Amino acid sequence: MDADRLREDFPILKAGKAIYFDSACTTLKPRQVLEAERAYYEQASGCAGRSAHALAKKTSEMFESSREKAAAFVNAAPEELVWVKNTTEALNLVIRSFDYSQRKKILTTRLEHHSLLLPIMEQQRRGIVKMELLKTNPDGSFDEQSIAATIDRSTALVAIHHTTNTTGMRAPLEKIIKIAHDNGAAVLIDGAQGVPHSGVDFRRLGADFLAFSGHKMLGPTGIGCLVGKSESLEKLDSFIVGGETVESVHIGKVQFMKAPKRFEGGIQNYAGAIGLAAACDYLSKIGMKNVEEHEKKLAKRMIEAVQSVPGAAIYGSPSSEKRSALVSFNLKGVKHHQVALMCDSLSKIALRSGVFCAQPAMESLGAPEGAVRASLYVYNTEKEISLFKETLEKIAKLGN
Amino acid sequence: MLCFIALGVFAFLSLFSAKYRPLAARAFSCVARKMTLRPCDTGLDEEIKAASIAGIMKFSPQAASFVNRRFAAFSFAFTLLFFASFLLAAQGIANFAIYGNCNGPEGGFCIYSGIQNPAFLKAPSTLQGISAGNESARLTVFEFGCYTCPYTRDAEDTVKFMLEKYGDKVHFVFKPFPLPTHPNSKWAAVAAACAWEAGKYWEYREAIFSNQSYYREGGDAAFKATAARLNITGFDGCFDAKKFLAQIETSISEGKECGIYGTPTFFVDGKAFVGKDAAAEAKAEVERLLGVA
């Protein structure tokens, strides 16, 4: 994989506007994605599945073909993929529509993004579920011994990350999914930070639901996917209902469609879906194995770079084998926001600082006030990491 | 602390460009929280700190480190300086509006004087006013003056000198331009005109300049008492009838058309001189033109 050549596809990088290390928040978009979105508006711009004219048919074709591509990207069937706005909506859909009539316990961890934690906490506030936490260690790893003891036959749903947005570390999903299924519990995976960075195979993973966003994997904002086993999707209650979610409507009697259409109320984000499919094509062309390899190299270099800076402390495991190219850290004596802002001012390096919409996670990692996060992707290079290291060294002197 | 400065700066810039308004709003929120002893939550203070330290670091990492460690103290000092300079600037503007000089009646260098450039003034086109010297002289000197203004008074000795020494070569025209900021200035001009009609103008003029505060505070009674002391007949009737008020108003209008913004203003062969040192500068110009410098 040649990152230098890939960079030519990204207008922002080509213009030399920034060293972009904030891909965990949202990634940059290649021109192929932008062109695909534009193609919808220029060539179709109709409504899918409703009108019968040529433009509508063209829209339907583009939209459904995008569903096929996005589903194939995670090795799922098209009918298993529900278009949503983003991962947050997908997680809300499952957590709020799941059937808790027999079991009320939801298991999750402190390490989750607010988008996963908050719907559960809201359901608990309403008395619908009982939230419990799987044990995690201060370095962001799991207390694997406790998993089997915590998941039991009262567990309805295990909702958990694939990869955290705070340390880039992965959850032991195989083990968790097996134990959950052995106990009759469903598993919802927050794949926002996993799907873009590793070849996630939904079928092999065996989870019931997988949520991810388009904009974190080179796609447009405003589009995401909920992938679910057909039988699991059918068990979910309705979420957003409206046009195109029903077979027929009579006052007092509604016949809903089958999933995934049942969950796609109203006119959909066609351009977004088409753009996301283009992003899937783009990543598939690179090959997710190559993406993973590239990120491993970057993670190793990034960890070495940050560790070499006096006063720097990395959160999570220092092993690059256990994480994606995402490193959260703090510098002694310099506040995280100041570090991020100064990197931007001094070297146009775009970083994230704060608690990353994961406050309990940052508290459990020992950074309740927050940290700086550098998250890299296919277009980043080791040369950029070298400049980042030089910049950090200058800033670190302020606190030493 | 710097959000106090940011509020002032961005609020001012917001008057001219909407892009600064969100920043002003953030600064206001920050100030409001600081005033209620809560930490700023808009992040603006951190952005200012980071931008400042990064800016210094580009020139000197050592200086950046020094400032970073003492940033709170520097912020406090700069905020105090900001408020002090703001108050001084406001005082200067008020003085400038009232006295035509940012230092007040005492005068001195005033940076705002640059806003009002004598080069943009237009010489009067009529010879109406109090005339002295040689009316057929090639060189005409105009003075727009205010009888109760300290600067016009201070110019008087130089005016007298010019009339005595170059009166045969210069035509001098005084045009009353009473400033509203000086009490009774317009009535002093009316009174002086009545004295002129009675042939006692220069005596009356000297009387006013010799004790301006008496006329500023004394008003009609002071003007009449002086006329009585100088044995000016018919003064009270002239003054009470405001006989020359219209003429004074015409002179004011002419001064405004010329762009007069302070007294005294002299025009020497069309070139303008304004303010405290105007008389001396006008004299020097007269001497240059007469070839006696």
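Between chain A and chain B of this predicted model, 4 residue pairs are in polar contact, both partners at pLDDT 80 or more. Salt bridges don't come into it here: the count between the two chains is 0. On the chain A side, α13 (336-347) and α15 (382-399) each bring at least two residues to the face that touches chain B. The largest share of that face comes from α13(A), with 6 residues. Taken as a whole, the contact draws on 12 residues from chain A and 13 residues from chain B. About 1,000 Å² is buried between the chains, with 66% of it on carbon and sulfur atoms. A trio stands out in that tally: A:Gln338, A:Leu341 and A:Leu398 account for 45% of the area chain A buries against chain B, more than any other three residues.

Salt bridges do turn up elsewhere, and over all chains the structure holds 34 of them. In chain A, the side chains of A:Lys130 and A:Glu132 pair up at 2.6 Å, N to O. Both ends of this pair count as partly exposed, since A:Lys130 has a relative accessible area of 46% and A:Glu132 one of 25%. Another bridge joins A:Lys175 to A:Glu144, with the closest N and O atoms 3.7 Å apart. This one ties together distant parts of the chain, as A:Lys175 sits in helix α8 (residues 173-182) and A:Glu144 in helix α7 (residues 144-150), 31 residues apart. A:Lys175 is partly exposed at 34% relative accessibility, and A:Glu144 is partly exposed at 35%.

Over in chain B, B:Lys283 and B:Glu287 meet through their side chains in a salt bridge of 3.6 Å, N to O. The two are 4 residues apart in helix α13 (residues 278-290) of chain B, so about one helical turn separates them. Their surroundings differ in accessibility: B:Lys283 is partly exposed at 23%, while B:Glu287 is buried at 13%. Back in chain A, salt bridges with shared partners link A:Glu64, A:Arg67, A:Lys261 and A:Glu264 into one network.

Turning to buried positions, A:Thr108 belongs to strand β3 (residues 105-108) of chain A and is buried, with a relative accessible area of 0%. A polar atom of the A:Thr108 side chain lies 2.8 Å from the backbone oxygen of A:Ala159. Beyond four places in sequence, the contacts of A:Thr108 include A:Leu116, A:Leu117, A:Ile120 and A:Met131. A:Glu132, the salt-bridge partner of A:Lys130, is also among the residues that A:Thr108 touches.

Two more buried residues lie towards the start of chain A. A:Asp9, in the loop between α1 (3-6) and α2, is buried at 8% relative accessible area. Outside its sequence neighbours within four places, A:Asp9 contacts A:Lys29, A:Pro30, A:Arg31, A:Gln32 and A:Tyr282. A:Leu13, in helix α2 (residues 11-14), counts as buried at 8% relative accessibility. With sequence neighbours within four places set aside, A:Leu13 is in contact with A:Arg7, A:Ala18, A:Leu28 and A:Tyr379. A:Pro30, 17 residues away from A:Leu13 in sequence, is 9.6 Å away in space, C-alpha to C-alpha.

At the surface, A:Val241, A:Val249, A:Val254 and A:Phe256 make up a nonpolar patch, with about 320 Å² of accessible area together. Within this patch, A:Val241 comes from the loop between α10 (230-235) and β9 (246-250) of chain A and counts as partly exposed at 46% relative accessibility.

Notes
Residues are numbered from 1 along each chain as its sequence is written. Chains are lettered from A and ligands numbered from 1 in the order in which they are written. This is a predicted model: local features need pLDDT of at least 70, side-chain atom pairs count only at pLDDT 80 or more; totals for chains, interfaces and linings use all residues. Side-chain values use heavy atoms; hydrogens and water are left out. Patches are made of residues with over 30% relative accessible area and no salt bridge: like charges are joined within 9 Å, nonpolar side chains (Val, Leu, Ile, Met, Phe, Trp, Tyr) within 5 Å. Accessible areas come from the Shrake-Rupley method with a 1.4 Å probe; for residues, only the protein chains shown count as cover. A salt bridge is a side-chain nitrogen of Lys or Arg within 4 Å of a carboxyl oxygen of Asp or Glu. Buried means under 20% relative accessible area, exposed over 50%, partly exposed in between (1.4 Å probe, protein chains only). Contact means heavy atoms within 4.5 Å. Buried area is the accessible area (1.4 Å probe) that two parts lose on being put together, summed over both. A polar contact is a pair of N or O atoms within 3.5 Å; within protein, one must be able to donate a hydrogen and the other to accept it, and residues adjacent in sequence count only if both atoms are side-chain atoms.
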